[in-house]
Every structure is written in C-alpha cells, then in structure tokens.
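Visitor: I am new to this structure and would like to know the reasons behind the labels people give its parts. Could you walk me through them?

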Amino acid sequence: MADKKVGGNNDGKEKRRKESILDLSKYLEKQIRVKFAGGREASGILKGYDALLNLVMDNTVEYLRDSDEPYKLTEDSTRSLGLVVCRGTALVLICPQDGVESIANPFITQ
C-alpha cells in the first residue's frame with residue numbers, strides 16, 4: 001500500500017512564505033504619502049503594514065482634486081480621514097512626506 005501524506009496535496013514541495021519587496025520598517029511612526037490607483041492621494045503616519053503592502057495609517061488626510069482640472073490636486077483642500085487601512089493592491093506609490101516635491105510632467109503637451 002502506498003503511503004499517503006496527511007495535510008493536503010503538497011507533492012513534497014514546501015509552501016513559500018510571501019515576502020514583501022519593500023522594507024517599510026524604517027518608515028514606521030513617520031509621515032508618509034501614498035498614491036492610489038484611480039488618482040487619490042493621502043498622507044498619514046504609518047502604524048503598520050504586512051507582506052502584501054496593506055497599510056495602516058493614522059491621522060490620515062486625503063488631498064482633494066481641483067474641480068476645474070481633475071488631474072490637479074489642491075493642497076489647501078483636504079479631508080481628514082483619521083485611522084485607515086489601505087489595501088496593497090490599490091497602491092501605486094509610497095514615499096516619505098519629508099523631501100517630496102511635485103514636478104511638472106514633461107510628457108503633457110499644453
């Protein structure tokens with residue numbers, strides 16, 4: 001009689017543990033800014049994250065878009081969100097708040 005493995009059909013392969021590509025530990029308890037698929041942007045204090053880059057942010061502020069120009073953010077028009085959980089699949093950009101500046105897009109013709 002053939003031996004059967006208990007616990008599933010693994011075929012001798014070990015299940016690999018998911019590793020995060022980014023090391024966000026240096027940004028814990030620091031102000032970060034994130035951009036989401038669809039164009040939303042927010043900033044807040046990074047409280048936690050996991051291997052799938054789901055983020056927990058506190059004191060989060062969302063930057064609202066200009067009603068006349070949908071691609072332009074208005075820095076003075078914000079919405080306070082508080083404590084939020086951001087899904088890693090929706091993230092496009094994660095950066096520290098300090099040292100970040102907006103530059104003009106050289107590919108947009110006017």
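Guide: Let's begin with Arg79 and Glu62, which form a salt bridge in this predicted model.

Visitor: What makes the pair of Arg79 and Glu62 a salt bridge?

Guide: The closest N and O atoms of Arg79 and Glu62 are 2.5 Å apart. A salt bridge needs a side-chain nitrogen of Lys or Arg within 4 Å of a carboxyl oxygen of Asp or Glu, so the pair of Arg79 and Glu62 qualifies. The two residues come from distant parts of the chain: Arg79 is in strand E4 (residues 73–86) and Glu62 in strand E3 (residues 55–65), 17 residues apart.

Visitor: Why is Glu62 called buried?

Guide: Glu62 has a relative accessible area of 6%, and buried means under 20%, so Glu62 is buried. Its partner Arg79 has 40% relative accessibility, so Arg79 counts as partly exposed.

Visitor: Where else do Arg79 and Glu62 turn up?

Guide: Both help to line the second largest pocket, and other residues of that lining include Phe36, Thr60, Leu81 and Cys86. About 180 Å³ of space lies in this pocket.

Visitor: Which strand gives the most to the lining of the second largest pocket?

Guide: That is E4, with 5 residues. E2, E3 and E4 each supply at least two residues of the lining.

Visitor: How many salt bridges does the structure hold?

Guide: The structure holds 5 salt bridges. One of them joins Lys47 and Glu29, with the closest N and O atoms 3.0 Å apart. Lys47 lies in strand E2 (residues 41–49) and Glu29 in the segment before strand E1 (31–36), so this pair ties together parts that are 18 residues apart in sequence.

Visitor: How do you know whether Glu29 and Lys47 are buried or exposed?

Guide: Glu29 has 52% relative accessibility, and exposed means over 50%, so Glu29 counts as exposed. Lys47 has 36% relative accessibility, which falls in between the cut-offs of 20% and 50%, so Lys47 counts as partly exposed.

Visitor: What makes the meeting of Lys35 and Glu41 a salt bridge?

Guide: The N to O distance between the side chains of Lys35 and Glu41 is 3.5 Å. The cut-off is within 4 Å, so the pair of Lys35 and Glu41 is a salt bridge. Glu41 is buried, with a relative accessible area of 11%, whereas Lys35 counts as partly exposed at 32% relative accessibility.

Visitor: Which residues are linked with Lys35 in a network of salt bridges?

Guide: Arg33 and Glu41 are linked with Lys35 in that network.

Visitor: How do you know that the charged end of Arg33 sits over the ring of Tyr63?

Guide: The charged end of Arg33 is 4.0 Å from the centre of the Tyr63 ring. A charge that sits over a ring has to be within 6 Å of the ring centre and within 35 degrees of the ring normal. The distance fits that cut-off, and the charged end of Arg33 is listed as sitting over the ring.

Visitor: How many aromatic pairs are there?

Guide: The structure holds 0 aromatic pairs.

Visitor: Why is Ile32 called buried?

Guide: Ile32, found in strand E1, has a relative accessible area of 1%. Buried means under 20%, so Ile32 is buried. Leaving aside its neighbours within four places in sequence, Ile32 is in contact with residues including Tyr27, Leu46, Leu55, Met57 and Cys95. The C-alpha atoms of Ile32 and Cys95 are separated by 5.7 Å, although the two residues are 63 residues apart along the chain.

Visitor: What makes Leu53 stand out?

Guide: Leu53 has a positive phi of about 65 degrees although it is not a glycine. Most residues other than glycine have a negative phi. Leu53 lies in the loop between E2 and E3, and Leu53 is buried, with a relative accessible area of 17%. Asn59, in strand E3, also has a positive phi, of about 55 degrees, and is not a glycine.

Visitor: What pattern does the chain follow along the sequence?

Guide: The pattern is β-β-β-β-β, with 0 helices and 5 strands. Buried residues make up 24% of the 110 residues in the chain.

Definitions and conventions:
Residues numbered from 1 in each chain as written. Predicted model: local features only at pLDDT ≥ 70, side-chain atom pairs only at ≥ 80, totals over all residues. Heavy atoms only, no water. Phe/Tyr/Trp six-rings, centres within 6.5 Å; stacked < 30°, edge-to-face > 60°. Helix = DSSP H or I, 4+ residues; strand = E, 2+ residues; numbered from the N terminus. Buried < 20%, exposed > 50% of the residue type's maximum accessible area, 1.4 Å probe, protein only. Contact = heavy atoms within 4.5 Å. 1 Å grid on protein atoms, 1.4 Å probe; cavity = no way out; pocket = protein on both sides within 12 Å on 5 of 7 lines; lining within 4 Å. Points joined across faces, edges and corners; volume = space filled by probe spheres on them.
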